[in-house]
Amino acid sequence: MKIALWIVQGLLALMFAFAGFTKMTTPISELAPQMPWVNDFSEIMVRFVGAVELLGAIGLLLPALLRIKPILTPLAALGLAVTMLFAGVYHLTKAEYSGIGINAVLGGLALFVAWGRYKKEPILAK
């Protein structure tokens, strides 16, 4: 279980770090063809979502690796799961059903990490 949790944490961290960095640094005009939803929100909101994803990615790994405040790892995972829930609801309201699948998978994996690091295999602080 420990190995599975670390693998999922690492993969989620890479995915959310890449997505967050992209949303924070790429001009909206370049994001729009790949992510049409950015046209429905202000640039500040798109950058905020990117920051949330990037900080969530950091929170998935650093507290657990450094064993400093490791309770932040399941909280970061829970925050990312909530982010994916909001994204899925948005795609549902826009009838963009193809986008819901990835939100469900990433949200489910984030919930797995939250549960695993809170209940099943918590990491103890130094």
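Select glutamine 9 first; this residue lies in helix H1 (helices are DSSP runs of H or I of at least four residues, strands are E runs of at least two, and both are numbered from the N terminus). The model is predicted, so local features need pLDDT of at least 70 and side-chain atom pairs count only at pLDDT 80 or more, while totals for chains, interfaces and linings use all residues. Residues are numbered from 1 along each chain as its sequence is written, and side-chain values use heavy atoms, with hydrogens and water left out.

Is glutamine 9 buried or exposed? Glutamine 9 counts as buried, at 0% relative accessibility (buried means under 20% relative accessible area, exposed over 50%, and partly exposed in between, with a 1.4 Å probe and protein chains only). Leaving aside residues up to four places away in sequence, glutamine 9 touches Leu60, Leu61, Ala64, Thr73, Val113 and Arg117 (contact means heavy atoms within 4.5 Å).

**Helix H1**

Extend the selection to residues 2-25, which form H1. H1 has 24 residues and reaches 34 Å from its first C-alpha to its last, close to the 34 Å expected at 1.5 Å a residue (the expected span is 1.5 Å times one less than the number of residues). Colour the buried residues of H1, among them Leu5, Val8, Leu12, Ala13 and Phe16. What covers the buried residues of H1 includes helix H2 (28-31), helix H3 (43-66), helix H4 (72-93) and H5.

Move along H1 to threonine 22. At 15% relative accessibility, threonine 22 counts as buried. Threonine 22 touches Leu31 and Met35, again not counting residues up to four places away in sequence.

**H1 against H3**

Two packed helices are described by the angle between their axes and the distance between the axes. Display H1 with H3: their axes come within 7 Å and cross at roughly 150° (axes are lines fitted to C-alpha atoms, for helices over the stretch in contact, and angles run from 0 to 180 degrees between N-to-C directions). That makes H1 roughly antiparallel to H3 (angles under 35 degrees count as roughly parallel, over 145 as roughly antiparallel, 65 to 115 as roughly perpendicular and the rest as oblique). The crossing of H1 and H3 is left-handed (the near helix is turned anticlockwise from the far one by less than a right angle; clockwise would be right-handed). To see the contact, select residues including Gln9, Ala13, Phe16 and Gly20 of H1 and Val46, Gly50, Leu54, Ala57 and Leu61 of H3. The residues of the contact of H1 with H3 divide into 16 nonpolar, 5 polar and 3 charged (Ala, Val, Leu, Ile, Met, Phe, Trp, Tyr, Cys and Pro count as nonpolar, Asp, Glu, Lys and Arg as charged, and the others, Gly among them, as polar).

**H1 against H5**

Hide H3 and show helix H5, residues 97-120. H1 and H5 pack at an angle of about 135°, with their axes 10 Å apart. H1 and H5 are therefore oblique to each other, and their crossing is left-handed. The contact includes Leu5, Val8, Gln9 and Leu12 of H1 and Leu106, Leu109, Ala110 and Val113 of H5. By class, the contact of H1 with H5 has 12 nonpolar, 2 polar and 2 charged residues.

Select H5 by itself: H5 has 24 residues and reaches 33 Å from its first C-alpha to its last, close to the 34 Å expected at 1.5 Å a residue. Its buried residues include Gly99, Asn103, Leu106, Gly107 and Arg117. The buried residues of H5 pack against H1, H3 and H4.

**H4 against H5**

Add H4, which packs with H5 at an angle of about 160°, with their axes 8 Å apart. That makes H4 roughly antiparallel to H5. The crossing of H4 and H5 is left-handed. Residues to select in the contact include Ala77, Ala81, Met84 and Gly88 of H4 and Ile100, Asn103, Gly107 and Ala114 of H5. The residues of the contact of H4 with H5 divide into 16 nonpolar, 6 polar and 1 charged.

**The loops**

Most residues other than glycine have a negative phi, and most peptide bonds are trans. Alanine 95, in the loop between H4 and H5, has a positive phi, near 60°. At 45% relative accessibility, alanine 95 counts as partly exposed.

Go next to lysine 69, in the loop between H3 and H4. Phi of lysine 69 is also positive, near 55°. Lysine 69 is exposed, with a relative accessible area of 57%.

End at asparagine 39, in the loop between H2 and H3. Asparagine 39 is exposed, with a relative accessible area of 53%. Draw a distance from its C-alpha atom to that of alanine 114, 75 residues apart along the chain: the separation is 32 Å.
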